[in-house]
Amino acid sequence: MTRYQHLANLLAERIEQGLYRHGEKLPSVRSLSQEHGVSISTVQQAYQTLEQRQLITPQPRSGYFVAPQKAQPPVPPMSRPVQRPVEITQWDQVLNMLDARNDKSIIPFGGGSPDVTQPSLKPLWREMSRVIQHNIVDVLSYDELAGRRELREQIARLMLDGGSVVNADDLIITSGCHSALSLALLSVCQPGDIIAVESPTYYGTMQLLRGLGLKAIEIPTDPNTGISVEALEMALDQWPIKGVILVPNCNNPQGFIMPDARKRAVLNLAQRYDIVIFEDDIYGELATEYPRPRTIHSWDIDGRVMLCSSFTKTIAPGLRIGWIAPGRYYDKLLQMKYAANGTNVPSTQLAASNFIREGHYHRHVRRMRQIYQRNMEIYTCWLREFFPCGICVTRPLSGYMLWVELPEQVDMVCVAQQLCRMKIQVAPGSLFSASGKYRNCLRINCALPPIDKHREVMVQLGEAVKVAMAWDESTAHLKR
């Protein structure tokens, strides 16, 4: 954490504790500089950060004053999905989301892409150029089936931060986390099998199950602590569930980090009922606190946790580098990879390996954690300012996604269609449910920098929600 961020957090705590009251003038830039032994520019950056958070307001020639505080919106309650196996729908809506990626005129608040414009990625572009110039034979040749060994060695070292002790021979490189999860399911499941999932859960995972002919059973999930262990146990008693897909660290879409006790409780259930845990750790490196949270895989002693991850969210999706630690299913998964995908692209693997080995990866991830944390604070302030009362918003400990629950009468599927005509893309909550629940919810991508253009989009989004609420109230009145 930089000095100005540390100072901004300290001042924010004092405001929240009431040490600086509403309307009260804050210390001058010079006095704070002397008090904390930092430069004037550091204090100015700290004040700019607090201004972005809407905690303070500047007054010309007078200094900074504590802003009037609006109440924080509550966190959404635990989900209550239909707890029976269902076949997944929503493919057409997902396809429209994917098609919108290629339309540069659309503002993609509904997507999941990270910020790939930061200068901390410049060493990677240099590595890619160097690899192509100096490793032309390797670049143009077939890759090893399990992936480049030097990259697998670097990934094994990264996984130590999450508590997972593996070596290069325990890992298989894939074309992203989606590919890793697909191969994991192919290695274990047959069409018609039942897979338990968090509710809500990432729509890409839902469509993966649909494509493989699998059924999903949604399990109630708390936006602070994750999947309900008790509800999962009841489902395991009632249905022949083959496995459970979890995103326990930096969850998408809710942003929670499961407490270690719950992670171990889920692992104990998996051992007792002899099921597989498909652990999606794609956002795990983006946890705000360091060291990063432990994986469920780190406690696995019998190889039943298949850990999947990638550099899609931490570096860039265009690398198409993912990996899997398949445990007891290694041989089967390698066979599935050969049958379904073959080998990977050597050039990006070599560049990524060098990027990690030279220390650039950790520097980049540290930078992105800070940027995404600041972005989410600003977007949360915008939600509080521009949206109607009665909304619930998650308070993520990581990643860059916000999950917003609107009043019941708001149909975000219809609102999303209207916004699409305005070249604004949002992800309605129904995409994140096998049974189409959460139509009154949406997910917002806070990786988009909080610039004036995106602020204006949030204003338009809030207005669209207000119109939807007013329309529902007027039609309800006519019905009466």
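## Strand β10 and its partners

In β11, the residue that serves as bridge partner of Leu307 is Ala325, and this pair belongs to a predicted model, as does everything described below. The two strands concerned, β10 and β11 (residues 322-325), pair in the antiparallel sense over four bridges. β10 also pairs with strand β9 (residues 276-280), in this case in the parallel sense and again over four bridges, with Phe278 having Met306 in β10 as its bridge partner.

How many of the six residues of β10 are buried? Six of the six are, so the strand is largely enclosed by the rest of the structure. In a regular strand the side chains alternate between the two faces of the sheet. In β10, Val305, Leu307 and Ser309 point one way, while Met306, Cys308 and Ser310 point the other way, and all of these residues are buried.

## Arg304, in the loop before β10

Arg304 is placed in the loop between β9 and β10. Is this arginine buried or exposed? Its relative accessibility is 5%, and because a residue under 20% is classed as buried, Arg304 counts as buried.

Leaving aside residues up to four places away in sequence, Arg304 touches Leu267, Ala270, Gln271, Asp274, Ile275, Val276, Ile277 and Arg328. Another arginine, Arg421, is 117 residues from Arg304 along the chain, and the C-alpha atoms of the two are separated by 46 Å.

## The four-stranded sheet

An open sheet of four strands, with antiparallel pairing, has the order β12-β13-β16-β15. Its edges are formed by β12 (392-393) and β15 (427-428), each of which has a single partner strand, so one side of each is left without a neighbour in the sheet. At one of these edges, β12 is joined to β13 (residues 401-405) by two bridges, the two strands running antiparallel, and Cys392 has Glu405 in β13 as its bridge partner.

β13 pairs as well with β16, in the antiparallel sense and over five bridges, and in this pairing Trp403 stands opposite Arg443 of β16. Four of the five residues of β13 are buried, so this strand is largely enclosed by the rest of the structure. Helix α14 (residues 360-386) lies across β12, β13 and β16 (441-445), and the helix runs at about 20° to β13.

## Enclosed cavities

The count of cavities of 30 Å³ or more comes to two. The largest cavity holds about 130 Å³ of space, and of the 13 residues that line it, the closest to its centre are Met159, Asp281, Glu285, Arg292 and Trp323. Which elements give two or more residues to this lining? They are α7 (149-159) and β10 (305-310), the latter being the strand whose six residues are buried. By class, the lining of the largest cavity is made up of six nonpolar, four polar and three charged residues.

The second largest cavity holds about 30 Å³ of space, and its lining consists of Cys250, Asn251, Asn252, Gly255, Tyr283, Ser398, Gly399, Tyr400 and Met401. These lining residues divide into four nonpolar and five polar, with no charged residue among them. One of the lining residues, Met401, lies in β13, which spans residues 401-405.

Definitions and conventions: Residues numbered from 1 in each chain as written. Predicted model: local features only at pLDDT ≥ 70, side-chain atom pairs only at ≥ 80, totals over all residues. Heavy atoms only, no water. 1 Å grid on protein atoms, 1.4 Å probe; cavity = no way out; pocket = protein on both sides within 12 Å on 5 of 7 lines; lining within 4 Å. Points joined across faces, edges and corners; volume = space filled by probe spheres on them. Nonpolar A, V, L, I, M, F, W, Y, C, P; charged D, E, K, R; others polar. Pairing = 2+ DSSP bridges. Contact = heavy atoms within 4.5 Å. Axes fitted to C-alpha atoms, helices over the stretch in contact; angles between N-to-C directions. Buried < 20%, exposed > 50% of the residue type's maximum accessible area, 1.4 Å probe, protein only.
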